[in-house]
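Biologist: Please take one strand of this model and examine it closely, together with the parts that surround it. I should like a connected account, with the remaining features of the chain placed around it.

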Amino acid sequence: DPDRFVLNQILTDREHRGEEGEIYDLHDAEGNVLASSEPGHIGVVTFDASVEGFVVDVGQFESNDDNPPIRISVPIDFDGRTIGYATSYQRTDDLIEIVTDYLGRGDTGESLVIGRDSNGNLRYITTLRFNDGGDYYRTIDDSDINRIEYLASQGATGQGTDLVDYRGTKVFGQYTY
């Protein structure tokens, strides 16, 4: 109990020094929250530990919420075994701010972040540079195997000059899952 009190105090202090909306949780190996910057999270099971690993997950982005949470979770390993997980919840607009900073990307460079919704459809999570900015959660046509988004969604990493982007334009692109 004294250790949990100290952990909770450290996480609460970190939240108050960080950006608004950041939440930090520490889980045991079963997914139970042991310490958190958000007192209401303690004692709650927030994920299935049997399928957990390094995770970047955007919650409920099909709901058309302009700022759904992003969960980043990493295993805590000790003596060759996973003893728990550290999780950070961020706001989507923090990611958008990073992705839409085009400094050093020239006139055409951009980054796209995509994910699958609960129905398995590919969707954009961030805005697109060459559109009206209202592209959150727009579905992606994943029938064209030369689409850069399709390749990334298949777990591949690579680059090429014959890739097609969301505008139907051939581009040089790099992609990673």
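Modeller: Helices here are DSSP runs of H or I with at least four residues, and strands are DSSP runs of E with at least two, both numbered from the N terminus. The model is a predicted one. In this numbering, residues 2-17 make up helix α1, in which I10 lies. I10 also joins F5 and V6 in a nonpolar surface patch of about 320 Å².

The strand I have chosen is β9, residues 170-175. Side chains in a regular strand alternate between the two faces of the sheet. In β9, the covered face consists of V171, G173 and Y175, while K170, F172 and Q174 make up the uncovered face.

The partner of this strand is β8, residues 158-164, which runs antiparallel to β9 and is joined to it by 5 bridges. Within the pair, Q174 of β9 stands opposite Q159. The two strands form a hairpin with 5 residues between them, and in the turn G168 has a positive phi of about 80°.

The covered face leads to the interior. In soluble globular proteins, nonpolar side chains tend to be buried together. V171 and Y175 belong to the largest nonpolar core, whose 6 residues also include I148, L151, A152 and L163. Two elements, α3 (148-153) and β9, each give two or more residues to this core. The largest share, 3 residues, comes from α3. Apart from neighbours within four places in sequence, I148 is in contact with G173, Q174 and Y175, as well as with L163 and V164. A second core, separate from this one, has 5 residues, among them L122, Y124, I140 and Y166.

Two loop residues elsewhere in the chain complete the account. D79 occupies the loop between β4 (69-78) and β5 (81-91). Its phi is near 55°, a positive value in a residue other than glycine. D79 counts as exposed because its relative accessibility is 69%, the cut-off for exposed being over 50%. E30 is placed in the loop between β1 (23-28) and β2 (33-36), and its relative accessibility of 53% is why E30 likewise counts as exposed. Although E30 and G84 are 54 residues apart along the chain, their C-alpha atoms are separated by 7.5 Å.

To return to the chosen strand, β9 pairs with β8 through 5 bridges and contributes V171 and Y175 from its covered face to the largest nonpolar core.

Conventions
Residues numbered from 1 in each chain as written. Predicted model: local features only at pLDDT ≥ 70, side-chain atom pairs only at ≥ 80, totals over all residues. Heavy atoms only, no water. Patch = residues over 30% accessible without salt bridge, like charges linked within 9 Å, V, L, I, M, F, W, Y side chains within 5 Å. Areas by Shrake-Rupley, 256 points an atom, 1.4 Å probe, with all protein chains shown as cover. Salt bridge = Lys/Arg side-chain N within 4 Å of Asp/Glu carboxyl O. Buried < 20%, exposed > 50% of the residue type's maximum accessible area, 1.4 Å probe, protein only. Pairing = 2+ DSSP bridges. Core = buried A, V, L, I, M, F, W, Y, C linked by side-chain atoms within 4.5 Å. Contact = heavy atoms within 4.5 Å.
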